[in-house]
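Thanks for asking me to look this over. Below are my notes, set out as numbered points so that you can follow them with the model open beside you.

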Amino acid sequence: MPPVRPMLAKSAARIPAGMHYEAKWDGFRAIVFRDGAEIELTSRTTKSLTRYFPELVAALAERLPERCVLDGEIVIARDGRLDFDALSERIHPAESRVRTLAERTPASFVAFDVLALGDESLLDTPLTERRRRLEEALAESSAPVHVAPATTDAELAARWFEQFEGAGLDGVVAKAPDLRYRQDQRLMIKVKHERTADCVVAGYRFHKSGPVVGSLLLGLYDDQGSLQHVGVCAAFTMKRRTELIAELEPLRMDDPAGHPWAAWGDESAHDARRMPGAPSRWTGKKDLSWVALRPELVCEVAYDHMENGARFRHTARFRRWRPDREPESCTYAQLEEPVSFDLGDVLR
């Protein structure tokens, strides 16, 4: 019974040998509970996702065993690749909007583990046996409910790592064959893509603990010469956060009127320019204010992949300052694009 917290993964630089391998999906992690007519979808943090995916609830009711608990990922595909933006739009307070999007951009569920069947808990069952039970339970299933591709061939997993990124997936997950399911523990291994880019530092936000740097706001110039906000980099030590305040002080703008993102607080301005976000349904009352810096400083950051070619999907990792780079040279042209790969081929 809910709540169940999903088992988690820790990062590694290389794909380990002798493991069970799956592609790493870029969607909403979800635990699915079915007991007869009742279906509940819960998030990684155990919050309910059920009301946001009515079309998926109906599909799961038709395709799942009568009583079961599954672990997997809710995804949305568009033009042959995963679309996280379309997925994010589904978390909307208005039921009418949710229904409209359910018809326009229907979601799918990709199952990669089974935690219970009937009256039997499988949490202490080895992964290889759970995988066999999952494949049997969903043998007759069809889209939009899928079983995640899996292999024990490390070379095939390496090919997946390279190919599947073109369909919007972001790496490979490795699991020990005898792994028992342990809630909220990082016992799996994830290997994600990492690339680097030189970005303009155009501002920073304070850390939640006090007047030290929490994150640096990053920008890239587009084809029209406009500086677009592409994300943030963070994960500094507390000592480094304090040092950055002093280092960035000479670039601080007391009056941000001339800053490329001066209109960040005007929600309508975001239609034409990507800027640090104004308050929205995602952020609620979270303080999104930031300190404007003259866009003269360049840093190199590591990132895994871009969301719709426009911004970093996750928080980037600071690597080093680049005093040798001119800010105007930091454009989208430097970003590496993966070779396109059809999501349908992944699921087949």
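1. Let's begin in the loop between α4 and β10 (145-147), where P144 is found. This is a predicted model, and in it the peptide bond from A143 to P144 is cis, with omega near 15 degrees. Most peptide bonds are trans, which is a good reason to pause here. A cis bond also joins P2 and P3, with omega about 5 degrees. P3 sits in the segment before β1.

2. While you are looking at the backbone, please visit D79 as well. Its phi is near 55 degrees, a positive value in a residue other than glycine. Most residues other than glycine have a negative phi. You will find D79 in the loop between β6 (77-78) and β7 (81-82).

3. Helix α4 itself spans residues 127-137 and holds both E129 and R132. These two residues are three apart, about one turn of the helix. What do their side chains form? The side chains of E129 and R132 meet in a salt bridge, at 2.5 Å from N to O. Side chains of opposite charge can pair when their charged atoms come close. Across the structure there are 29 salt bridges.

4. Next, trace the open sheet of five strands. Its order is β1-β13-β12-β2-β11, and the pairing is mixed. Which strands form the edges? They are β1 and β11 (150-151), each of which pairs on one side only. Helix α5 (residues 154-163) packs on this sheet and touches β2, β11, β12 and β13. The direction of α5 makes about 15 degrees with that of β2.

5. Within that sheet, β12 and β13 are worth a closer look. They pair in the antiparallel sense over four bridges. As a landmark, V172 stands opposite V191 in β13. Strands of a sheet pair through backbone hydrogen bonds, either parallel or antiparallel.

6. Now turn to the second largest pocket, which has a volume of about 700 Å³. Its lining counts 26 residues, and K24, G27, R29, R44 and E73 lie nearest the centre. Which elements give two or more residues to this lining? They are β1 (8-11), β2 (20-23), β3 (28-35), β12 (171-175) and β13 (186-192). Strand β13 gives the most, with four residues. By type, the lining residues divide into ten nonpolar, four polar and twelve charged.

7. Another sheet deserves its own point, since here five strands close into a barrel. The order is β14-β15-β16-β20-β17, with mixed pairing. On average, neighbouring strands of this sheet are turned by 55 degrees against each other, direction ignored. Helix α6 (residues 238-248) lies across β14 (195-207), β15 (210-221), β17 and β20. The helix runs at about 65 degrees to β15.

8. To see the mixed pairing of the barrel for yourself, follow β20 (residues 316-321). How does β20 run relative to β16 (residues 227-234), parallel or antiparallel? The two strands run parallel and are joined by two bridges, and C233 stands opposite A316 in β20. With strand β17 (residues 291-303), β20 pairs in the antiparallel sense over four bridges. One residue pair to pick out is V301 with F318, its bridge partner in β20.

9. A last suggestion for a second viewing: start from β13 again. This strand follows β1 in the order of the open sheet, pairs with β12, and gives the most residues to the lining of the second largest pocket. From there, go on to the barrel and look at β20, which pairs in the parallel sense with β16 and in the antiparallel sense with β17.

Notes
Residues numbered from 1 in each chain as written. Predicted model: local features only at pLDDT ≥ 70, side-chain atom pairs only at ≥ 80, totals over all residues. Heavy atoms only, no water. 1 Å grid on protein atoms, 1.4 Å probe; cavity = no way out; pocket = protein on both sides within 12 Å on 5 of 7 lines; lining within 4 Å. Points joined across faces, edges and corners; volume = space filled by probe spheres on them. Nonpolar A, V, L, I, M, F, W, Y, C, P; charged D, E, K, R; others polar. Pairing = 2+ DSSP bridges. Contact = heavy atoms within 4.5 Å. Axes fitted to C-alpha atoms, helices over the stretch in contact; angles between N-to-C directions. Salt bridge = Lys/Arg side-chain N within 4 Å of Asp/Glu carboxyl O.
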